[in-house]
Amino acid sequence: MITMPLSASIISGVQKLVLYETRARYFLVGSNHAQTKHRVLKIDRTEPKDLVIIDDKHVYSQNEVRELLGRLDLGNRTKMGQKGSSGLSRAVSAYGIVGFVRFLEGYYIVLITKRRKMADIGGHSIYKIEDTNMIYIPNDSVRLTHPDEARYVRIFQNVDLSSNFYFSYSYDLSHSLQYNLTLLNSPCCPGDEVTVHPHSSKQDSFDIFEDEGLPTQVHGLRNEPYAKYVWNSKLLERVKDIVHPDWLMYIIHGFCGQSKLLIYGRPVHITLIARRSSKFAGTRFLKRGANCEGNVANEVETEQIIHDASVMSFAAGSYSSYVQVRGSVPLYWSQDISTMMPKPPIRLDQADPYAHVAALHFDQMLQRFGSPIIILNLVKKREKRKHEKILSEELLPAVNNLNQFLPPEHWIDYIAWDMARYTKIKLCNVLDRLSMIAENVVKRTGFFINRSDFYCHTLRPDERWGDLGGSLTSSGRVQTGVLRTNCVDCLDRTNTAQFMVGKCALAYQLYALGMIDKPKLQFDTDCVRLFEELYEDHGDTLSLQYGGSQLVHRVKTYRKIAPWTQHSKDIMQTLSRYYSNAFSDADRQDAINLFLQVYQPSDSKPHLWELPTDFYLHQKNSMALAHDRRSYTYWWSEGILSYLPVPYDEVPCEENMKKVAVKRVNRYDESTDTYTEFFKPYELTSFDDTFCISMTNSAREFMPKTVGVDPSPFTVRKPEETGKSAVTGSKSSKEETVLQRKTAASAPPPPSEEQLSSSSEDDSEDDRDDDGSVSQRSTPVKLLTESGESVRTQEDFLEHPMKETYGLNLAVLPAEDDMLIYERFAHLGQNQHKVERTEPSALENAINVVPVSCFAVDSIYEVSPPRVDKESREVFEGHVLTGLGQVRALCREDTLMYREYIKNRYM
């Protein structure tokens with residue numbers, strides 16, 4: 001009998017890079033984290049415009065790399081034996097390659113020079129890019145200068161890579177957790193194996209698991225990323241087929257945040273990952289609707305991952321995820337900003353009677369998410385002057401047209417709800433209506449979990465659990481279908497709606513993990529406050545990227561509990577958004593077009609800043625006619641319908657398995673050993689420096705500061721009971737908002753690292769308007785040197801949290817009588833421990849101590865064993881015998897007691 005090996009994702013073997021330079025070449029030396037395996041990339045510097053890269057695909061040891069660099073150093077000196085100016089010099093250290101780019105001169109290499117860990121999923125670390133370095137490759141002696149080169153470099157660097165770009169060495173961020181774990185559980189065909197690892201680790205000589213029949217080898221999997229959410233695929237396209245896959249590192253743009261929820265000490269991590277589409281990407285008024293390929297503007301896939309952090313690995317741990325999407329209305333429409341109006345009129349650019357562009361868009365969604373696709377359209381229905389209503393009047397007929405060709409069980413669901421009008425009605429609760437929609441949506445789509453139902457679901461059944469949709473598998477549940485939410489901008493209303501759906505899904509996920517007894521979460525609990533803050537950071541970040549300002553309307557606004565100061569902030573954010581859209585969005589759009597290589601500079605083409613519009617760059621059919629037109633009736637891709645409701649991308653068919661590279665390695669090999677990668681046993685580490693310790697803790701940030709209150713994160717609390725007040729809020733100052741969004745609920749970096757890192761998109765002009773609104777918590781610190789009352793202000797600042805935390809003011813000295821009692825107590829303890837207990841108790845300057853313990857020997861050093869009566873010994877002996885399988889007969893009293901327990905507990 002042949003045991004099928006397990007599967008694991010391949011960990012990149014290039015995590016630390018050092019760039020060495022000579023006059024003729026660059027040598028890029030990459031190594032794994034333990035620096036036991038190295039690879040070398042040779043880049044030619046004598047070519048003025050071409051990129052010549054040589055990768056020998058050989059794995060070097062540390063000594064071999066030292067010898068190689070030594071020979072290069074010796075061979076590149078101007079004179080033999082000269083030890084002064086070395087021929088090989090170290091240029092820069094890095095953590096990864098973003099890509100290679102060329103404008104009008106030679107190629108540049110973009111390297112990641114600073115990173116910060118943002119999240120941890122199953123032992124796989126997710127990093128945020130903190131700083132990058134752009135290095136010109138050709139030597140100065142062969143450089144062909146061009147007058148416009150510097151301007152292109154400035155435009156390219158306007159895309160701030162230190163602002164919300166993320167990567168991982170071992171986890172595919174472009175795909176969902178459901179896809180990644182489904183791939184690991186899918187059978188690997190022997191024909192897929194492209195590499196058999198030639199080297200074995202030291203455990204090969206003796207493996208204790210071999211005789212037990214357990215697998216001693218695993219399948220290492222590396223799959224292709226999902227191109228839509230990768231932002232540097234064009235920058236790596238030139239070298240993709242030349243270098244080893246370990247050199248290729250794909251980055252996503254959007255948001256990543258992780259927070260820790262403590263349930264009576266049990267850690268549960270809540271992770272929020274937002275992937276922004278790189279297709280038809282741009283800024284608010286310059287990118288609207290869809291392009292000819294079905295890609296829509298402001299398309300973001302948001303995934304919330306909940307996992308029990310007490311168990312790390314994907315194989316043994318419990319992991320759950322839920323995915324939802326936002327994106328512009330999939331029609332040909334735009335808004336003209338040349339009128340300088342706050343709300344430019346909506347204009348339909350092209351007639352699309354057969355819903356061709358919508359068909360392309362929903363075909364992509366069916367392939368990635370399965371069915372049902374549920375559209376939640378939040379645009380206005382009633383307006384004095386037709387504005388947003390134009391979109392609804394076009395979208396509904398398009399959906400109806402597409403549905404008539406689909407089987408009824410896979411129809412696209414369309415929910416239209418005028419959220420703005422509902423908000424203005426005083427007696428109506430917006431969030432109650434949204435929660436009803438959310439409950440219906442989550443029941444239809446289900447969610448992903450890699451564990452079967454727990455026994456507690458049988459003991460505490462819930463009627464809603466039985467109605468849950470999705471697809472059941474042997475190892476748990478799979479989400480089938482997705483909710484697609486949109487308003488006009490897909491920012492404020494959309495974020496609140498997505499939060500409500502996420503909150504509903506979170507309740508089901510926690511119930512599935514056995515954390516709560518009913519799939520229902522209440523507002524004003526520590527859990528929901530934590531989740532709300534994470535979602536607002538997520539909304540602020542996405543709003544800054546697309547709209548140029550933070551959210552204008554938040555969850556508190558729709559709950560109608562926002563403080564009066566929030567209204568003035570909303571006005572400032574609206575003005576900031578208008579300023580950004582009117583004056584800076586065009587430059588940002590040019591930078592995005594250049595970074596994504598939608599526009600590639602050339603001497604034969606007009607310059608980027610000379611183009612009157614970028615319409616032709618994003619609409620490929622405007623430059624050339626399509627060779628094969630899609631059918632208007634069979635508008636979906638071939639093979640999708642036969643697998644619905646399961647998404648076609650997750651089916652282990654032949655076409656999908658071609659995208660996966662498989663190699664068979666030893667189970668202890670570094671390329672698949674997540675344990676060694678995460679815990680790093682080869683280096684000295686401290687628990688205080690670990691990411692899980694420094695991460696934001698719900699117990700510290702949200703739990704009550706008074707003793708005696710239920711510490712459960714699912715208990716409803718009043719605003720004054722919590723660590724973060726609902727009135728003052730944790731986001732009342734600009735500094736805290738930016739910090740939370742940058743850290744995404746993780747610990748802030750050291751000041752030196754923050755100062756050296758490149759400027760973030762979050763620190764743009766629109767944030768500077770909030771400098772005047774500083775929170776109460778930060779005001780005393782700023783005023784310490786500004787007035788004569790600085791000492792008193794600082795005392796007030798320090799006294800407040802101490803009284804909240806300990807229930808008394810520690811800054812005030814205790815009374816004299818209390819101090820005397822404490823000194824006598826301390827003196828008594830000091831003298832008591834100087835002597836043995838059996839000595840006479842006549843001590844100098846001390847009270848006579850009378851033993852009160854029933855033990856003969858009882859001190860801080862030793863204690864006599866207690867005497868146990870016969871009945872207790874018999875109970876203990878019976879317990880031990882039961883464990884050995886020797887159960888004694890139960891007496892009548894034991895039987896009656898057990899029946900009474902069952903009756904009271906379950907009947």
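**Exercise 1.** Which residues are linked with Arg275 in a network of salt bridges?

*Solution.* Keep in mind that this is a predicted model. Start with one pair: the side chains of Arg275 and Glu303 meet in a salt bridge, at 2.5 Å from N to O. Next, place the two partners: Arg275 sits in strand S14 and Glu303 in strand S15, 28 residues apart, and the pair links distant parts of the chain. Arg275 and Glu303 are both buried. Finally, complete the network: Arg275 and Glu303 are joined in it by Glu301 and Arg368.

**Exercise 2.** Find which parts of the chain the salt bridge between Lys228 and Glu299 ties together.

*Solution.* Begin with the contact itself, where the N to O distance for Lys228 and Glu299 is 3.2 Å. Lys228 belongs to the loop between strand S12 and helix H4, while Glu299 belongs to the loop between strand S14 and strand S15, so the pair ties together parts 71 residues apart in sequence. As for accessibility, both Lys228 and Glu299 are buried.

**Exercise 3.** Asp363 and Arg630 form a salt bridge; decide whether each partner is buried or partly exposed.

*Solution.* The side chains of Asp363 and Arg630 meet at 2.9 Å, N to O. Asp363 lies in helix H5 and Arg630 in the loop between helix H15 and helix H16, so this pair ties together parts 267 residues apart in sequence. Now apply the cut-off: buried means under 20% relative accessible area. Asp363 has 4%, so Asp363 is buried. Arg630 has 32%, so Arg630 is partly exposed.

**Exercise 4.** How many salt bridges does the count come to?

*Solution.* Taking a side-chain nitrogen of Lys or Arg within 4 Å of a carboxyl oxygen of Asp or Glu, the count comes to 28 salt bridges.

Conventions. Residues numbered from 1 in each chain as written. Predicted model: local features only at pLDDT ≥ 70, side-chain atom pairs only at ≥ 80, totals over all residues. Heavy atoms only, no water. Helix = DSSP H or I, 4+ residues; strand = E, 2+ residues; numbered from the N terminus. Buried < 20%, exposed > 50% of the residue type's maximum accessible area, 1.4 Å probe, protein only.
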